[in-house]
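Work through the exercises below with the sequence and the model open side by side. Each task is followed by a solution that proceeds step by step.

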Amino acid sequence: MKLILNALIKFVLGVVLVSTLLFLPACTFNYFGAWLFIALLFIPMFIMGIVMFLKAPKLLEKRLNNKEKEKTQKGVVGFSGLMFVAGFIVSALDFRFSWSTVPLWLVIVASVLFLIGYLLYVEVMRENAYLSRTIEVQENQQVISTGLYGIIRHPRYLATLLMFLPLPLILGSFWGLIVFVIYPVIIIIRIINEEKVLTKDLKGYSEYKKKVKFRLVPFIW
């Protein structure tokens, strides 16, 4: 019951926070892009939470533990949080004052990319039982080198890029893209620091890096 209550509280707070950051600057609830994004984000999240509670409650508990301990990662997480807040507000103001107009076909493409990223993220969670929102080496943790982890070392971050880079387009804003263009830089910093921690503390990770050459995008980086 404690796990259910914790999950529900964080889910509701997430919905309230995102809704406030979008509808308040827009000064209206008649904001299709905001409703579309909220649906794309929170409906799969709710379903995924139920599945995880039934089949992998320990993984759900880990996902709810988002208190980062590593100093560099704290800074990265804090900066990314500011980026999301700024991106939401700029996109909502763009809608309110009609600074730009995103064609429907591009909104659809962005929504499809978001869902592809979501599916990729779900697959990563299925493959990696040690997946956590914080950078840490857990007890008895082993290197995962199968599936997506056999292609790139950080498929989770590729999934988040597919989800969040096109996010302003879902919200109907080109101006919001200017804010979110720094997201790949945030991810790169996070990956570089994470690999330092894993190389130092996780047995077999150095050998894994030699086996799987690319961190984020095959044949590029």
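**Exercise 1. Overall make-up and confidence**

What percentage of the 221 residues in the chain is made up of buried residues? State also which elements the chain contains and how confident the predictor is in them.

Solution. This is a predicted model, in which local features need pLDDT of at least 70 and side-chain atom pairs count only at pLDDT 80 or more, while totals for chains, interfaces and linings use all residues. Residues are numbered from 1 along each chain as its sequence is written, and side-chain values use heavy atoms, with hydrogens and water left out.

Step 1: apply the burial classes, where buried means under 20% relative accessible area, exposed over 50% and partly exposed in between, with a 1.4 Å probe and protein chains only; buried residues then make up 43% of the 221 residues.

Step 2: assign the elements as DSSP runs numbered from the N terminus, with helices (H or I) of at least four residues and strands (E) of at least two; the chain has 10 helices and zero strands.

Step 3: read the confidence, pLDDT, which runs from 0 to 100 for each residue. Its mean over the chain is 85, and 89% of the residues reach 70 or more. Confidence is lowest in helix α3 (residues 57–64), with a mean of 69, and highest in helix α7 (residues 167–170), at 96.

**Exercise 2. The packing of α1 against α2**

Determine how the axes of α1 and α2 are oriented and which classes of residue form their contact.

Solution. Step 1: fit the axes as lines to C-alpha atoms, for helices over the stretch in contact, and take angles from 0 to 180 degrees between N-to-C directions. The axes of α1 and α2 cross at roughly 175° and come within 11 Å.

Step 2: classify the angle, counting under 35 degrees as roughly parallel, over 145 as roughly antiparallel, 65 to 115 as roughly perpendicular and the rest as oblique; α1 is therefore roughly antiparallel to α2.

Step 3: list the contacts, meaning heavy atoms within 4.5 Å. On the α1 side the contact includes L3, F11, G14 and S19, and on the α2 side it includes W35, F37 and F53.

Step 4: sort by class, with Ala, Val, Leu, Ile, Met, Phe, Trp, Tyr, Cys and Pro as nonpolar, Asp, Glu, Lys and Arg as charged, and the others, Gly among them, as polar. The contact of α1 with α2 has 15 nonpolar, two polar and no charged residues.

**Exercise 3. The surroundings of α6**

Establish how α6 packs against α9, and whether α6 is largely enclosed or open.

Solution. Step 1: helix α6 (residues 155–164) and helix α9 (residues 183–201) have axes 11 Å apart and pack at an angle of about 170°, and are therefore roughly antiparallel to each other.

Step 2: R156, Y157, T160, L161 and F164 of α6 meet Y183, P184, I187, R190, I191 and E194 of α9. These residues divide into seven nonpolar, one polar and three charged.

Step 3: eight of the 10 residues of α6 are buried, so the helix is largely enclosed by the rest of the structure. Among the buried ones are P155, R156, A159 and M163.

**Exercise 4. The nonpolar cores**

Identify the residues that touch the most other members of the largest nonpolar core, and the helix that gives the most to this core.

Solution. Step 1: define a nonpolar core as a set of buried Ala, Val, Leu, Ile, Met, Phe, Trp, Tyr and Cys residues joined through side-chain atoms within 4.5 Å.

Step 2: the largest core has 46 residues, of which F37, F84, F88, F114 and L167 touch the most other members. The contribution of α2 is the greatest, with nine residues.

Step 3: a second, separate core has eight residues, including L198, L202, Y208 and V212.

Step 4: examine F114, which, leaving aside neighbours within four places in sequence, is in contact with F37, L40, L41, L162, M163, F164 and I170.

**Exercise 5. Two positive phi values**

Locate S98 and F219 and decide whether each is buried or exposed.

Solution. Step 1: S98 lies in the loop between α4 and α5, with phi near 55°, a positive value in a residue other than glycine; at 56% relative accessibility, S98 counts as exposed.

Step 2: F219 lies in the segment after α10 (205–211), with phi near 70°, again positive in a residue other than glycine; at 74% relative accessibility, F219 counts as exposed.
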